[in-house]
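Trainee: Got a minute to go through this one with me? I'd like to pick it apart piece by piece.

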Amino acid sequence: MNHRDKWILLLRDKRFRQKSKTNKSDGRNPFENDYGRLISSSPIRRLQDKTQVFPLEKSDYIRTRLTHSLEVSYIASSIGQSVENKLLKKKDIDITLKGNLSSLLRVAGLVHDLGNPPFGHFGEEAIKKFFKDYFLNNTTTLSELEKADFINFDGNVQTFRILSKLYYFGDDRGYNLNYSSLASIVKYPSNSLDGNKKPTLEIAKKKFGYFVSETETYKTINDYLKLKNRRHPVVYLLEAADDIAYSAADIEDGVKLGIVNIDDIYVLFDKYLTENKEEVLNYLKELRKTYFDNTDVSKSLIVQKFRIHTQKLMIECIINAFEENYDSIMNGELEDEIINISNAKDIRIAYKKLQNILFDNKSILKKEMAGWEAIYGLLKIFVTASRSENFNATGNNYESRLYKIIAASHRKVYQDIEKYENKEYKKLQLVVDFISGMTDSYAITLFQELTGIKYN
């Protein structure tokens, strides 16, 4: 299949069921339609109280997972527009599909972290550790593949489950998104045993992309789009947009909170920049000269302008790298992230070094530990109860009370939508669906209430 035919297939409006009838005047493309379904839904709103880097931060300035997702959505869409213009000139994308690629990336950016548990990646680690301990100390009917789903829990995989099934809107198809919208967030198209290989040279095997309960959904999409168990091309662009958004924005937030300063930025960029050293450091010097001693403006203005400048450089380098590696990206055979093979690699490395200062901040570490205790503790309470036959809505006992606390929409999916046969797996998944979907504040509050520490 040539690239033009492949883009026609990837940008086609294909869903698991026909979408609802729209107005005759509706001029949206299929991916704008997907964005509309998503933006007003509760899983998107819950991102406003989920950690990006700074847990439970009271400052309105600091980014949450929602503001991060909106920024990724914009940057991804911007990259999509630029790439699309080049593909239109090459006639690899037909003019009738103009706008679809940027809209698809806008959707992908909005949802890419939808499945992240409370307290971000540290929350993922708490879930993984709980299940490693649980399967070590308890008998189970789960197969090795089923156990691997929980031991390697990943927010990206949970995102695929939310989008395709868990978000209940009247049937078993979740949001009923376009196939390419769903494929755009599968970074590692493997199951939990075939993936999670470390070390590996295959990018698809680094982690995993779908739970065993969503195997058929993924296979249907994979077969229709002819992905051959490789990444969808837009995954590379989404991944780059994510890197560009958080690497610079996290540092901007860190400066605002006083954890890093302008001198830290200069020292580490001076040490780690190569290709972009002269341009970036000269720009930072100019910003310091203009604003550092100006008492009428905040010092944060320097880092805001610096973020914009470096993001602009990174975006340009990503577009160039996409062109240079076009064939391997279209085949899903590029075994690295685009930013790592672009001329912006040194900027990404310098930002990573700065992020290490943030991650070691004691205030962040203490809040993350509180989050760990809440998530691990809630899993212990609910998973222990799930082993009882009383874990249902009909009784009047301890286990049934816990069952009734679980969100009604999750119980609906567990009882009527999820058809996976292993009952123990389904119960564990119900618990994980509930806890991983919590906001940071709700997880802390519910844990305090159920353990008698605090009750409002």
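Trainee: Which helices help cover the buried residues of H21?
Mentor: Among what covers them are helix H17 (362-386), helix H18 (398-405) and helix H20 (423-436). Keep in mind that this is a predicted model.

Trainee: And which residues of H21 are the buried ones?
Mentor: H21 covers residues 440-450, and its buried residues are Asp440, Ala443, Ile444, Leu446 and Phe447.

Trainee: What comes just after H21?
Mentor: Glycine 452, which takes a positive phi of about 75°.

Trainee: Does a positive phi turn up elsewhere? I mean, which residue other than glycine has phi near 50°?
Mentor: That's leucine 56. Leucine 56 sits in the loop between helix H3 (42-46) and H4. Its relative accessibility is 29%, so it counts as partly exposed. Lysine 226 is another non-glycine residue with a positive phi, near 55°. You'll find lysine 226 in the loop between H10 and H11, and it is partly exposed, at 45% relative accessible area.

Trainee: While we're on backbone, where is the cis peptide bond?
Mentor: Between lysine 198 and proline 199, with omega about 0°. Proline 199 belongs to the loop between helix H9 (179-183) and helix H10 (215-224).

Trainee: New topic: the core. How many residues are in the largest nonpolar core?
Mentor: There are 96. Those with the most contacts inside it are Trp7, Ile79, Leu163, Ile265, Phe269, Ile338 and Tyr351. A separate core of 40 residues lies apart from it, including Phe208, Phe382, Val431 and Val432.

Trainee: Take isoleucine 265. What does it touch, skipping residues up to four places away in sequence?
Mentor: Ile251, Val255, Leu284, Val303, Phe306 and Leu354.

Trainee: Why would side chains like that gather?
Mentor: As a general rule, nonpolar side chains in soluble globular proteins tend to be buried together.

Trainee: OK, pockets. What's the volume of the largest pocket?
Mentor: About 1,000 Å³. It is lined by 36 residues, and the closest to its centre are Arg65, His121, Lys207, Asp242 and Tyr246.

Trainee: Which helices each supply at least two residues of that lining?
Mentor: Helix H4 (65-89), helix H6 (120-137), helix H11 (233-256) and helix H16 (345-359) each do.

Trainee: And how does the lining divide into nonpolar, polar and charged?
Mentor: Nine nonpolar, eleven polar and 16 charged.

Trainee: Back to arginine 65. Where does it lie, and is it buried or exposed?
Mentor: Arginine 65 lies in helix H4. Its relative accessible area is 3%, and the cut-off for buried is under 20%, so it counts as buried.

Trainee: What does its side chain make a polar contact with?
Mentor: The side chain of glutamine 52, at 3.2 Å. Leaving aside neighbours within four places in sequence, arginine 65 is in contact with Leu47, Lys50, Thr51, Gln52, Asp113, Asn116 and Gly120.

Trainee: What about serine 69, where is that one?
Mentor: Serine 69 is in helix H4. It counts as buried, at 0% relative accessibility. Setting aside residues up to four places away in sequence, it touches Leu47, Gly109, Leu110, His112 and Asp113.

Trainee: Leucine 110 is on that list. Where is leucine 110, and is it buried or exposed?
Mentor: Leucine 110 is in helix H5 (residues 100-111), and it is buried, with a relative accessible area of 0%. Not counting neighbours within four places in sequence, it is in contact with Tyr35, Leu38, Ile39, Ile44, Leu47, Ser69, Leu70 and Ser73.

Trainee: Last one, leucine 114. What is it in contact with, sequence neighbours within four places aside?
Mentor: Pro43, Ile44, Leu47, Thr159, Ile162, Leu163 and Tyr175. Leucine 114 is in the loop between H5 and H6, and at 3% relative accessibility it counts as buried.

Trainee: How far apart are leucine 114 and proline 43, in sequence and in space?
Mentor: They are 71 residues apart in sequence and 6.8 Å apart in space, C-alpha to C-alpha.

Terms used:
Residues numbered from 1 in each chain as written. Predicted model: local features only at pLDDT ≥ 70, side-chain atom pairs only at ≥ 80, totals over all residues. Heavy atoms only, no water. Core = buried A, V, L, I, M, F, W, Y, C linked by side-chain atoms within 4.5 Å. Buried < 20%, exposed > 50% of the residue type's maximum accessible area, 1.4 Å probe, protein only. Contact = heavy atoms within 4.5 Å. Helix = DSSP H or I, 4+ residues; strand = E, 2+ residues; numbered from the N terminus. 1 Å grid on protein atoms, 1.4 Å probe; cavity = no way out; pocket = protein on both sides within 12 Å on 5 of 7 lines; lining within 4 Å. Points joined across faces, edges and corners; volume = space filled by probe spheres on them. Nonpolar A, V, L, I, M, F, W, Y, C, P; charged D, E, K, R; others polar. Polar contact = N/O pair within 3.5 Å; in protein donor to acceptor, adjacent residues only side chain to side chain.
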